[in-house]
Amino acid sequence: MTKLIIRSRPIVFGLVVLAVLGCHSDENQPRQSEAIRVTTVRPQRTEVVHSLTVVGHAEPNEQAILYAKAAGYLESITADIGSWVKSGQVLAEINDPETRHDWERQRADRDMREQIYQRLSATKDKSPDMVSQLDVDRAKGEYEASAAAEKRLQQMVGNALIRAPFDGVITDRWVDPGALIQLATTSQPASARIARIMNFDTVRFVVEISEKDAIRIAVNSDAIVRFSDIPGKEFPGRVARYAWAVAPTTRTMTAEVDFPNPDHVVRPGMYGKAEITVE
């Protein structure tokens, strides 16, 4: 009886060990991994662009206030606000009869002195003893002086015609026919104003660059201008010029971005934003 009990213990212990080993063998058995899809692309070389966005406003490429260089009553004015005009086109005419009369009298004097000089010169050639060379030279000098005075008065008569200095549109008009126009002077320029003309086939977009970004701006840098009032439209341009100096009051530097505006969609005075490439 005792021998049988002693032999049965190893059998029971061995069964327990096998059971434990079997459990561990199931947990450590490697599992089959799932397939992972990998996508490959060919590398490409590109540039990283650093841009600067600033607020600004549109200005015309050319603008001028037309003043009178002759005094008198406004005879006529053909250009009004919104009129598109060409370079050299007559926009207004000032009635200045006194200057015109002086010009006509001086022109007659020039013609008379020219005839005297030509006759004396011809007589000198045919009969040298009848006319002295001094008389011929004096007549020539009087003729040339009279011609110069006539040319000056002719220019003053021409000043009565106000002409457009370039192609553009009239944006302001300050006088009507019959108004007394004063000669433009530095003390009273407003009394001689006729009209204002602008050309914005090309727009100057004026921005203020902060002091820390001023040294990063360069001429011909690419820029894109956008206006909130013109949604969905971009206007590519370039930095055309900048002031170089930083204003001591605002600590900013003025720069201008030029872009074409052939359809005149952008109007002078409109506010927008410019995205300028700096690096």
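This briefing covers the fold, cores and confidence of one protein model. The model is predicted: local features need pLDDT of at least 70, side-chain atom pairs count only at pLDDT 80 or more, and totals for chains, interfaces and linings use all residues. Residues are numbered from 1 along each chain as its sequence is written, and side-chain values use heavy atoms, without hydrogens or water.

**Confidence**
- Mean pLDDT (the predictor's confidence in each residue, from 0 to 100) is 86, and 86% of residues reach 70 or more.
- Helix α1 (residues 2-27) has the lowest mean of the elements, 48, while β11 has the highest, 97.
- Residues 1-8 stay under 50 and have zero contacts (heavy atoms within 4.5 Å) beyond four places in sequence.
- Where pLDDT is low, the predicted coordinates should not be read in detail.

**Fold**
- The protein has three helices (DSSP H or I, at least four residues) and twelve strands (E, at least two), numbered from the N terminus.
- Of its 279 residues, 27% are buried (under 20% relative accessible area, 1.4 Å probe, protein chains only).

**Nonpolar cores**
- A nonpolar core is a set of buried Ala, Val, Leu, Ile, Met, Phe, Trp, Tyr and Cys residues joined through side-chain atoms within 4.5 Å.
- The largest holds 28 residues; Ile217, Phe227, Val266 and Ile276 have the most contacts inside it.
- Strand β8 (193-210) is among the elements giving two or more residues to this core, and β8 gives the most, six.
- Phe227 touches Phe205, Phe235, Phe259, Val266, Met270, Tyr271 and Gly272, leaving out residues up to four places away in sequence.
- Another core lies apart, with 20 residues, including Ala68, Leu91, Phe166 and Ile194.

Definitions and conventions: Buried < 20%, exposed > 50% of the residue type's maximum accessible area, 1.4 Å probe, protein only.
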